[in-house]
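Here is a short set of exercises to work through with the model at hand. Try each task yourself, then follow the solution step by step.

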Amino acid sequence: MPDLRSKTSTFGRRMAAARALWRATGMKTEDFGKPIVAVVNSFTEFVPGHVHLKDMGQLVAREIEKAGGVAKEMNTIAVDDGIAMGHDGMLYSLPSREVIADSVEYMANAHCADALVCISNCDKITPGMLMAAMRLNIPAVFVSGGPMEAGKVILQDGEHKADLVTAIVGATDEDRSQEEVDKLERSACPTCGSCSGMFTANSMNCLAEALGLALPGNGSLLATHSKREALFKEAGHKIVELCERWYKDGDESALPRSIANFDAFENAMALDIAMGGSTNTVLHLLAIAHEGEVDFTMADMDRLSRQVPHLCKVAPSTPKYHMEDVHRAGGIARILGELDREGKIHRDCATVHERTMGEFIDKWDVRRESAGNEARDLYIAAPGGVRTTQAFSQSRMYTELDLDIEEGCVRDFENAYSEEGGLCVLFGNIAEQGCILKTAGVIKEMYDFEGTAKVFESMEDAMHGILQGEVKPYSVVVIRYEGPKGGPGMQEMLYPTAYLKSKKLDTTCALLTDGRFSGGTAGLSIGHASPEAAEKGVIGLVEDGDKIKISVPNRSIHLDVSEEVLAERRANHPQTDKKFWKAEGRPRAVSKALKVYAAHVSNASTGAVRILDEED
Ligand SMILES: CC(C)(O)[C@@H](O)C(=O)O
Ligand SMILES: [Mg+2]
């Protein structure tokens with residue numbers, strides 16, 4: 001049987017000093033020999049998705065103690081992408097994922113923790129913690145803070161549901177009055193929780209359910225709802241059970257790498273494609289797989305995107321539905337249930353709560369008779385409609401679920417939005433290692449698109465250019481030197497894509513970047529172009545006026561410039577070698593911390609993970 005890792009610092013005469021210190025943290029004689037669980041909390045007052053998490057660590061800790069474990073709370077950082085968005089602050093967002101993964105590793109290994117309960121929520125926190133769980137491969141349960149309620153606002157043209165993207169677009173829409181913009185600002189983000197659409201945070205918290213590492217309801221049950229408290233409590237019990245299975249019985253299926261294996265990644269990706277998740281999920285799934293040594297690649301994503309239909313449309317792809325509506329339709333178990341009915345799910349994958357994914361679906365998919373009242377009770381949880389920063393502060397219930405398979409928030413295969421899913425990978429001379437598109441947010445008329453390149457060397461220039469009217473219909477806006485190395489940090493281009501929308505150019509222009517997008521981005525917005533400009537990728541050779549052809553059905557993107565001309569441009573190009581972030585004519589102050597990041601990070605096609613020479 002594997003020894004408790006914590007025994008290293010809690011057993012034997014020579015550990016008297018370490019035990020003395022453990023005692024000083026509150027441990028008693030009878031605690032030595034119990035599993036020590038790191039309760040990894042990401043509470044911060046900077047981020048609405050985390051502002052309500054202050055007491056959650058202790059809530060989980062008390063349950064761990066009741067179940068027979070020792071709990072030690074620790075904290076990680078959390079960047080609010082929405083607040084960091086649109087300025088240099090965004091350079092720190094993706095790198096913060098590795099800081100989070102590393103800080104969990106540092107604490108867990110320095111103190112020989114036996115297991116993790118990860119209290120995550122926003123964009124980089126769930127992925128960073130998932131990376132750490134896979135890297136450490138010790139028992140782990142995930143419980144996130146939960147989604148924000150959608151905002152509601154009455155504007156001149158009627159009532160709207162609102163979120164932060166509605167506010168970004170409204171602020172630069174010349175048809176909106178200042179009074180309306182003020183209203184949007186005050187209504188868009190009414191409660192604590194991760195922003196209310198199928199944005200990155202929610203997408204990742206849904207995928208954690210499909211990977212088998214989080215409890216039912218994790219991705220969709222609102223942060224404000226009293227029912228969410230049970231998830232935190234149960235996480236405390238489940239982690240002690242997992243510790244027993246691994247440390248007492250040697251049952252390897254209790255470990256993250258056994259749960260989140262290749263098949264589980266296929267399940268997660270199938271869910272992602274069916275629900276039109278944020279394009280960032282691609283980056284994060286690749287990075288999590290990398291940490292767990294799972295050979296899951298862009299080619300697998302491409303294959304799955306042709307086999308899985310699009311079953312669920314949520315903001316930003318439609319203004320009609322937000323996460324609260326996904327929950328009412330039965331949440332992630334319901335979408336997995338639809339996929340399972342058509343044989344698209346590996347039912348035998350393990351989960352942290354049910355023996356198999358199949359059992360999870362049978363018990364929690366509200367369209368099955370095998371799902372009892374427990375499932376129905378969970379999924380009728382409704383928004384409270386009251387501004388608050390308090391977790392579990394309301395208990396409103398819908399009287400009925402949304403089980404409309406034709407027009408509802410989640411549909412069955414027969415009524416799918418499209419036969420092929422909401423996310424896809426495109427390849428071509430301008431992105432030989434691939435680029436990513438969320439088709440869920442693209443109108444069918446743009447599936448085959450040809451446009452003229454309008455090139456910007458930074459996100460800021462693009463924002464300015466779009467607002468100044470430099471972009472005309474039928475353009476492909478190219479924003480480059482914004483990749484993981486080139487930024488560095490691979491900024492999200494939510495402002496440029498939202499500005500295209502407010503300038504009413506979103507249905508006549510495409511956007512291509514080696515940077516990435518927010519989950520709030522819609523339109524023909526293609527990101528993660530790899531190789532990136534800073535590593536001499538072809539995207540760095542595009543010139544204003546070049547023609548670019550995009551075909552979603554053919555999964556292709558082509559720069560219509562001959563090989564000879566490209567070779568000529570390459571020869572004359574002022575390429576950077578080590579100072580990746582130095583795009584021509586771009587004044588950008590880059591801190592030492594970010595330069596260190598740029599020196600090791602790989603491009604997006606492998607998840608922007610850090611590669612060390614020894615791994616080459
Ligand atoms: C601020 C957002 C919408 O959360 C964004 O960062 C995302 O990636 O979805
Ligand atoms: Mg983000």
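A residue counts as near a molecule or strand if its C-beta atom, placed from the backbone, lies within 6 Å of it. This is a predicted model, in which local features need pLDDT of at least 70 and side-chain atom pairs count only at pLDDT 80 or more, while totals for chains, interfaces and linings use all residues. Residues are numbered from 1 along each chain as its sequence is written, and chains are lettered from A and ligands numbered from 1 in the order in which they are written.

**Exercise 1. Describe the residues around ligand 1.**

Step 1: Begin with the shell, which holds 14 residues; Asp81, Phe199, Thr200, Ser518 and Gly519 come nearest to the ligand.

Step 2: Look for the elements that supply two or more of these residues, and you will find α4 (81-84) and α9 (200-211). Helices (H or I, at least four residues) and strands (E, at least two) are DSSP runs, numbered from the N terminus.

Step 3: Sort the shell by class: four residues are nonpolar, seven polar and three charged. Here Ala, Val, Leu, Ile, Met, Phe, Trp, Tyr, Cys and Pro count as nonpolar, Asp, Glu, Lys and Arg as charged, and the others, Gly among them, as polar.

Step 4: Turn to the domains, whose bounds come from an automatic or database domain assignment. Domain 1 (34-150 + 190-413) and domain 3 (424-606) each give at least three residues to the shell.

**Exercise 2. Work out how domain 1 and domain 2 meet.**

Step 1: Besides domain 1 and domain 3, the chain has domain 2 (151-184). The C-alpha centres of domain 1 and domain 2 are 30 Å apart.

Step 2: Ten residues of domain 1 and seven residues of domain 2 make up the contact, where two residues are in contact if their C-beta atoms, placed from the backbone, lie within 7 Å.

Step 3: On the domain 1 side, six of the touching residues are nonpolar, four are polar and none is charged.

**Exercise 3. Trace the four-stranded open sheet and the helices packed on it.**

Step 1: Read the strand order, β2-β1-β3-β4, with parallel pairing. Two strands pair if DSSP finds at least two bridges between them.

Step 2: Why does one side of β2 (70-75) and of β4 (140-144) lack a neighbour in the sheet? Both strands stand at the edges with a single partner strand each, so one side of each stays free of a neighbour there.

Step 3: Focus on β1 (residues 36-41) and β3 (residues 115-120), which are parallel and joined by five bridges. Asn41 stands opposite Ile119 in β3.

Step 4: Add helix α5 (residues 93-110), which touches β1, β2 and β3 and makes about 155 degrees with the direction of β1. Helix α6 (residues 125-136) lies across β1, β3 and β4, at about 170 degrees to β3. Axes are lines fitted to C-alpha atoms, for helices over the stretch in contact, and angles run from 0 to 180 degrees between N-to-C directions.

**Exercise 4. Find the backbone features in the loops.**

Step 1: The bond from Ala315 to Pro316 is cis, with omega near 15 degrees, and Pro316 sits in the loop between α14 (298-305) and α15 (323-328).

Step 2: The bond from Ser530 to Pro531 is also cis, with omega near -5 degrees; Pro531 belongs to the loop between β12 (525-530) and β13 (547-551).

Step 3: Arg555, which is not a glycine, has a positive phi of about 55 degrees and lies in the loop between β13 and β14 (556-559).
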